[in-house]
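Hi,

Here is the structure I promised to pass on. Have a look at it first, and my notes on what turned up follow below.

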Protein chains: 2
Amino acid sequence: MATNRTESVERALSILSAFSTQKPVMTLAEIAEETGLHKSTILRLTNSMQIYGFIQRDEDGRYSVGPSVWRLGLIFRRDFTKREHVAPSLRILAEATGETASFYVRVGNERVCLYRENSPNLLRFHVEEGMRLKLSTGASGLVLRHFSGDDVGDLAHFNRNGTVSTVGQTNPNISSVSTPVFKNTGELAGALTVSGLATRFDEEARANAIPLLESLAKSLMAAD
Amino acid sequence: MATNRTESVERALSILSAFSTQKPVMTLAEIAEETGLHKSTILRLTNSMQIYGFIQRDEDGRYSVGPSVWRLGLIFRRDFTKREHVAPSLRILAEATGETASFYVRVGNERVCLYRENSPNLLRFHVEEGMRLKLSTGASGLVLRHFSGDDVGDLAHFNRNGTVSTVGQTNPNISSVSTPVFKNTGELAGALTVSGLATRFDEEARANAIPLLESLAKSLMAAD
DNA sequence: TCACACCGTTTCACTTGATAGAACGCAAAT
DNA sequence: ATTTGCGTTCTATCAAGTGAAACGGTGTGA
């Protein structure tokens with residue numbers, strides 16, 4: 001491996017990253033299948049992670065995420081992007097547009113939904129906090145890639161404030177608008193996004209949502 | 001190191017474990033001081049953790065916990081010990097006793113508060129979720145050590161249901177009662193605890209709290 | 001009941017990865 | 001202007017980490 005990384009640490013983190021809301025518990029064999037690692041390697045790596053509380057193992061030998069991960073997750077959430085800071089903007093957006101408002105951050109080649117205020121409509125683009133979606137799709141994916149330095153090709157999707165309006169990316173029936181949120185230091189914090197049914201959240205509705213979206217994104221910059 | 005563990009993984013996890021609510025952000029030098037690791041070692045380890053989103057680094061070169069930790073932490077919380085399951089019991093306990101009710105799990109040689117319902121009294125043993133406390137002190141420390149197989153010496157503190165009543169352990173002015181919570185499989189899930197001012201949460205008040213504490217602990221067993 | 005498949009565990013030869021010391025450039029502090 | 005400390009890079013050295021093989025146990029199906 002490259003000399004500025006640590007292969008066995010990445011193996012261990014790939015084990016942790018294999019857990020999901022669909023797969024919160026896994027056997028040794030399942031982890032081997034998910035990660036491609038050898039069972040004896042997994043045993044060694046998970047023994048160390050257990051000692052530090054990042055993984056736990058029940059009496060049937062099944063593995064799950066441990067309490068240390070959650071404890072550190074709380075620290076993350078007390079960061080700039082903490083819920084109390086972002087939540088009012090999401091609520092305003094969800095109420096004003098009638099659609100689902102969410103805040104995404106980039107993790108490697110994925111985007112993760114940190115916070116969301118789901119639409120009051122029963123027919124909606126339902127997002128759960130913690131969901132991982134592809135970075136290659138969606139308005140927020142485009143925003144996160146562009147403003148973290150990736151080449152996204154044609155910039156015609158973006159207005160001059162970096163806001164994107166898309167249809168049928170995450171899902172053929174979903175349309176979205178998304179805009180970047182920056183920290184005071186100029187770094188990208190994440191993407192503030194509204195998503196809804198394309199038939200309801202049409203071009204006019206999306207255009208009407210953009211000024212409020214951009215205004216709220218700018219107001220989120222104040223913290224740090 | 002023992003052949004069933006992985007030293008570099010434990011070094012990486014010791015870096016992650018160095019973060020706390022008091023120290024959510026650290027420089028390279030601060031991490032070196034906290035962990036005793038060499039700076040070049042930390043650089044390599046953190047490069048790998050950044051790639052997987054477990055650590056992030058701002059433009060000033062300061063490190064903080066990354067979004068992958070939080071995402072996995074959500075998975076942990078959807079486990080047996082998920083909030084919705086435990087919270088009603090904590091609320092009942094806090095209301096019935098007027099003191100702080102909390103739920104602790106063991107992590108290595110520490111206990112971590114997963115959930116708490118703080119006392120309505122302004123003068124109280126205030127606990128935040130995510131707090132790490134010593135395993136060697138406190139009623140819940142005693143319970144967690146005893147029921148995870150450690151030798152705790154004199155068992156006189158325990159009643160026949162494994163409940164402990166202590167004074168002046170975590171803090172000279174604090175008294176606590178704590179009882180084990182088990183999973184259906186018989187494994188220890190954690191310790192359900194009530195803590196308050198020793199002058200207010202005296203021997204009689206603690207004795208009065210124990211039946212309810214034990215009853216609620218048993219009711220928590222139903223899940224899985 | 002038996003054979004087979006799969007799981008989790010242990011061992012160890014071998015290869016490669018990981019470490020930390022040294023040196024460097026830079027910025028901040030004195 | 002000088003010193004100090006930080007973050008970064010490089011590399012010789014050595015120990016760690018890997019995965020293949022073998023094992024015992026358990027569950028399944030014939």
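Arg200(A) and Glu99(A) form a salt bridge through their side chains, with 2.8 Å from N to O. Bear in mind that this is a predicted model. Arg200(A) sits in the loop between β9 (188–197) and α7 (203–219) of chain A, and Glu99(A) in the loop between α5 (83–97) and β4 (100–107) of that chain, so the pair ties together parts that are 101 residues apart in sequence. Over all chains, the structure holds 14 salt bridges.

How many salt bridges are there between chain B and chain A? The count is zero. Polar contacts do occur there: 11 residue pairs between chain B and chain A are in polar contact, both residues being at pLDDT 80 or more. The elements of chain B that give two or more residues to the side touching chain A are α1, α3, β2 (55–57), β3 (63–65), α4 (67–77), β4 (100–107) and β5 (110–117). Of these, α4(B) gives the most, with 11 residues. By class, that side of chain B has 25 nonpolar, 19 polar and 15 charged residues.

In terms of extent, 59 residues of chain B are in contact with 58 residues of chain A. About 4,900 Å² is buried between the two chains, and carbon and sulfur atoms give 66% of that area. Tyr52(B), Trp70(B) and Arg71(B) supply 15% of the area that chain B buries against chain A, more than any other three residues.

Now for the symmetry. A turn of 180° with a shift of 0.0 Å along the axis lays chain B on chain A with an RMSD of 0.1 Å. That is the relation of a two-fold axis. The same surface serves both copies, as 98% of the contact residues of chain B recur in chain A.

On to the DNA, beginning with strand C. It is surrounded by 18 residues, and the closest are Ala29(A), Arg57(A), Arg11(B), Ser40(B) and Arg44(B). Of the atoms of DNA strand C that come within 4 Å of the protein, sugar and phosphate account for 67%. Two contacts go to phosphate oxygens: a backbone N or O atom of Ala29(A) lies 2.7 Å from one, and an N or O atom in the side chain of Thr41(B) is 3.1 Å from one. Which part of DNA strand C does the side chain of Lys39(A) approach? An N or O atom of that side chain is 3.1 Å from a base nitrogen. At least two residues each of the surface near DNA strand C come from α1 (7–17), α2 (28–35) and α3 (39–51) of chain A, and from α1 (7–17) and α3 (39–51) of chain B. That surface has four nonpolar, eight polar and six charged residues.

DNA strand D also has 18 residues around it, the closest being Arg11(A), Ser40(A), Arg44(A), Ala29(B) and Arg57(B). Sugar or phosphate makes up 64% of the atoms of DNA strand D within 4 Å of the protein, and bases the rest. Phosphate oxygens of this strand lie 2.6 Å from a polar side-chain atom of Arg57(B), 2.8 Å from a polar backbone atom of Ser8(B) and 3.2 Å from an N or O atom in the side chain of Thr41(A). For DNA strand D, α1 and α3 of chain A and α1, α2 (28–35) and α3 of chain B each supply at least two residues of the nearby surface.

Best wishes

Definitions and conventions. Residues numbered from 1 in each chain as written. Chains lettered and ligands numbered in written order. Predicted model: local features only at pLDDT ≥ 70, side-chain atom pairs only at ≥ 80, totals over all residues. Heavy atoms only, no water. Near = heavy atom within 4 Å. Polar contact = N/O pair within 3.5 Å; in protein donor to acceptor, adjacent residues only side chain to side chain. Helix = DSSP H or I, 4+ residues; strand = E, 2+ residues; numbered from the N terminus. Nonpolar A, V, L, I, M, F, W, Y, C, P; charged D, E, K, R; others polar. Contact = heavy atoms within 4.5 Å. Buried area = accessible area lost by both parts, 1.4 Å probe. Salt bridge = Lys/Arg side-chain N within 4 Å of Asp/Glu carboxyl O. Least-squares fit on C-alpha atoms with pLDDT ≥ 70 in both.
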